[in-house]
Structure formats: C-alpha cells, structure tokens
Amino acid sequence: MRQVALIAGLIFSLVLGNGPGFCQWDGDPVSVERLILDARQGDVQAMCKLGLSYYHGRGVLKDPFKAKCWIKQAHDLGAERAEKIWNSLELWQYSGNCDLGFDLPVQAGARQKKNYIEPVTGMEFVWIPGKCFKMGCRDQDSHGCDRGESPVHKVCLDGFWMGKYEVTQEQWISLMDVNPSRFKGDRLPVEQVSYTACWEFIQRLNRETGLGFSLPSEAQWEFACTSRGKKSSYAWGRDGFQPRANCGGCNSGSFRGRTAPVGSFSPNRAGLYDMGGNVREWCRDIYDRDAYKNKAHGKKAYKRGDLDDENKDRGQSHTPRVVRGGSFVDPVSSSCCRARQSALPGIHTYFMGFRLVVDRVD
C-alpha cells in the first residue's frame, strides 16, 4: 500500500509539474527574478515554474491570477503540460485580463490614487482594488434568480481601473468621427453601438495611448456594481423600490423615456455612475447560460482548448456576448447587479452602450 501511495504521489506531482526535472527550484527570491526574466524571453518551462510558484505561494506572494496568466502564456506557446496544470489547478476560475504587463513591478504610489483621466478622450477611471467575492444571484435578491444567474460561486479578481461613467458621445466622436446615437448630446452616453463597433473604438484608443483598454469581464462588472463585492442587490443598495436612477421603474424625473447625461444620479459606493440605469452595457464575455453552473462544479464553461480568452473572436462571429445593467427602458428588476442578458455582437439599439476597464495606467 505504501508503494502504491508513493507511486500515486509521484504521478500527481508530475502532472502538476513538481516532479524531477520539472518546475523544481529552491524558492530563493533571486531565483524568482531569474524565472521572470527567462519567462519574459519565451522560456515555457520558466512560465510553468512561475505559474506553480504563484499558485502555491512558494518564494513569492500567493497570486492565482498571475499563476493563470503564466500558464496560459505557456500553453499559447505550445507547452504540452500547461493545459494539464491549467485544469488540475482550475485556473480558469480566476478572472482578469492577462495583458503583457501583468507581472511588471508596480511603481510606488501608482495604484494609490483613486482616479485616472485618460488623456486622449478625457475619460475618467476609478481604481477598483481586487479581491475574491461571491458572484451570482442569492436567494434573498429581490428580483429573483434566473437560471443563468446562479449558483453563487467564488471569483478572484486582480485590481483594475473602471470607467467612472459610460462612454459619452463626445468621447466616441473624438475617435470615431461619427455619432450613431438616437438621443444626441455630448454628455449623453453613446448608444446604438454594437459589440464589434465598441472593439473598433477600443483598438483606436489603445493605438493612441499605448495602453490596454478593454470591455469589462462580467465578473469585473458585477464586482464593481456591488461596490466591490458587497451584499447589494442594486448599485444603489438592497432596496429596489423606485430609486433615484434612470430605469423604467425608477424615479428618473425629467429623463423618463430617454437617456440622461452621465453622472446625473448618485454613484454607488465604489464611485461609479449609472451602473443601474441609463443604458445597458456590453461585457467582453461569451454568453453561456450554464456558465455559473459549470464553474461551480469545476467544469469549463466553453469548449475544450479555449483557455479563458474572452478577448478572442471580438465580434467577428455570431457568438452571443454578455450584456449587463438596466437601461431607461428596463424595469428595476433588470437593473440588479447580478442580472445577465445576452446580445449578438452585431446588434445596436438606443438603450445599449458601454464603459471601459484597464489594468494598468502607469
């Protein structure tokens, strides 16, 4: 029996990359620096070692997000063991955008400021510190739980910057030259923009700034809407009875039946405006009605081989995408932070817009 246990342990360590000749290191901080340098130069073995080190907290602070990113990068470069490590450690559950700067040192004080103004369009961003939270609809949520909104499952996010407001028409025009919106006004949110058009805007912005703006993941969006994972059904709190916001059943004053200038109503506790009204907002995720169920049971939400790349296939097919948040035409129940909807990437309506996120601004 002891021999069987030893053999089983050896096989398990080989699968996870801890066996002889693979991912062994002494935990010295100098070794970590060397691994990072080698990994940045394309060494897939170093990437696997770093991924396991970050996941287990060996010689570095435990950081499953960085573990996910290094293993994903090793897989993309052809490392055969990366997918085994990915599935064994269930790295798909850790959300965040694995841009090229995910393991760069943070400059002192760079992430301590609360707001950032993007210099090309003047968009304002609010820093949302990362942590783990319970994502999904709870039994006590007043709007009830749709099949696609449950069960509740744990999600861990790295910190990110999120647009303080929905992207306005003035900001859209500054890069795109045309205004597709039905309701015209510089400070009104841009609407009648498809998922595909949003990514064209983002690509132009990234070329101008050299940064990595994107649509939020739905985990980022929900985390921000609930004021960093608080037990809030709505951006304005737990009570859904005619709040001061711009939704169909809200107390929207003179803006009833149309969009309102961004920031016309009170922000949530994270400092974000219009998370519960004005226009629905595109997210970057592929819509899967059973995504939460699959994640809660340790299964992949999408087809085998798709290593959590929500940025892949940016609107170039007919794959439905996630839409979050209520709009001026929606009832209060649709404005719940955990409510999920879907739309084809080519759809554009007068009650659908977007806001952006970025992981680094330094």
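**Figure 1. A polar contact of 2.9 Å links the side chains of arginine 340 and glutamate 218.** Let us start with this pair, in what is a predicted model. Arginine 340 belongs to strand E9, which covers residues 340–343. Is arginine 340 buried or exposed? Its relative accessible area is 7%, so arginine 340 counts as buried. The side chain of arginine 340 also has a polar atom 3.4 Å from the backbone oxygen of aspartate 288. Leaving aside residues up to four places away in sequence, arginine 340 touches Gly148 and Glu149, then Glu218, then Tyr287, Asp288, Arg289, Ala291 and Tyr292, and finally Val322, Val323 and Arg324. Both partners named above, Glu218 and Asp288, are therefore among the residues that arginine 340 touches.

**Figure 2. Helix H8 spans residues 218–225 and is largely enclosed by the rest of the structure.** The partner from the previous view, Glu218, is one of the buried residues of this helix. How many of the residues of H8 are buried? The count is 8 of the 8, which is why the helix is described as largely enclosed. Besides Glu218, the buried residues of H8 include Ala219, Gln220, Trp221 and Glu222, followed by Phe223, Ala224 and Cys225. Just after the helix, serine 227 is worth a look for its backbone, since its phi is positive, at about 55 degrees. As for its setting, H8 lies across E3, E6 and E11. Relative to E6, the helix runs at about 75 degrees.

**Figure 3. An open sheet of 4 strands has the order E2-E3-E6-E11, with antiparallel pairing.** At the edges are strand E2 (115–117) and E11, each of which pairs on one side only. Strand E3, made of residues 124–128, joins E6 in the antiparallel sense through 4 bridges. One place to find this pairing is phenylalanine 125, which stands opposite glycine 163 in E6. E6 also pairs with strand E11 (residues 357–358), again in the antiparallel sense, over 2 bridges. Two residue pairs help you to follow that register: methionine 162 has valine 357 of E11 as its bridge partner, and tryptophan 161 stands opposite valine 358.

**Figure 4. Strand E6 (residues 160–163) has buried residues pointing both ways.** As a reminder, side chains in a regular strand alternate between the two faces of the sheet. Which residues of E6 point which way? Phe160 and Met162 point one way, whereas Trp161 and Gly163 point the other way, and all are buried. Beyond the strand comes lysine 164, in the loop between E6 and helix H6 (169–176). With a relative accessible area of 16%, lysine 164 is buried, because the cut-off for that label is under 20%. Its contacts outside its own stretch of sequence (residues up to four places away are not counted) are Asn115, Glu124, Phe125, Val126, Gly271, Leu272, Tyr273 and Arg355.

**Figure 5. A second view of pairing shows an open sheet of 3 strands in the order E1-E5-E4.** Here the pairing is mixed. The edge strands are E1 (94–95) and E4 (132–135), and each pairs on one side only. E4 runs antiparallel to strand E5 (residues 153–157), and 4 bridges join the two. To find this pairing by residue, look for lysine 134, whose bridge partner in E5 is lysine 154.

**Figure 6. The whole chain, with its average pLDDT of 82, gives the close-ups their context.** In all, the chain has 9 helices and 11 strands. A score of at least 70 is reached by 79% of the residues. Two stretches call for some care. Over residues 105–112 the pLDDT is below 50, and this stretch makes 9 contacts in the model beyond near neighbours in sequence. Over residues 301–313 the pLDDT is also below 50, with 31 contacts of that kind in the model. Where pLDDT is low, the predicted coordinates should not be read in detail. Across the 362 residues of the chain, 52% count as buried. Among contacts with a separation of 6 or more, 70% are between residues 24 or more positions apart. The accessible surface of the chain is about 16300 Å², and carbon and sulfur atoms account for 50% of that area.

Key
Residues are numbered from 1 along each chain as its sequence is written. This is a predicted model: local features need pLDDT of at least 70, side-chain atom pairs count only at pLDDT 80 or more; totals for chains, interfaces and linings use all residues. Side-chain values use heavy atoms; hydrogens and water are left out. Two strands pair if DSSP finds at least two bridges between them. pLDDT is the predictor's confidence in each residue, from 0 to 100. Contact means heavy atoms within 4.5 Å. Buried means under 20% relative accessible area, exposed over 50%, partly exposed in between (1.4 Å probe, protein chains only). Accessible areas come from the Shrake-Rupley method with a 1.4 Å probe; for residues, only the protein chains shown count as cover. A polar contact is a pair of N or O atoms within 3.5 Å; within protein, one must be able to donate a hydrogen and the other to accept it, and residues adjacent in sequence count only if both atoms are side-chain atoms. Axes are lines fitted to C-alpha atoms, for helices over the stretch in contact, and angles run from 0 to 180 degrees between N-to-C directions.
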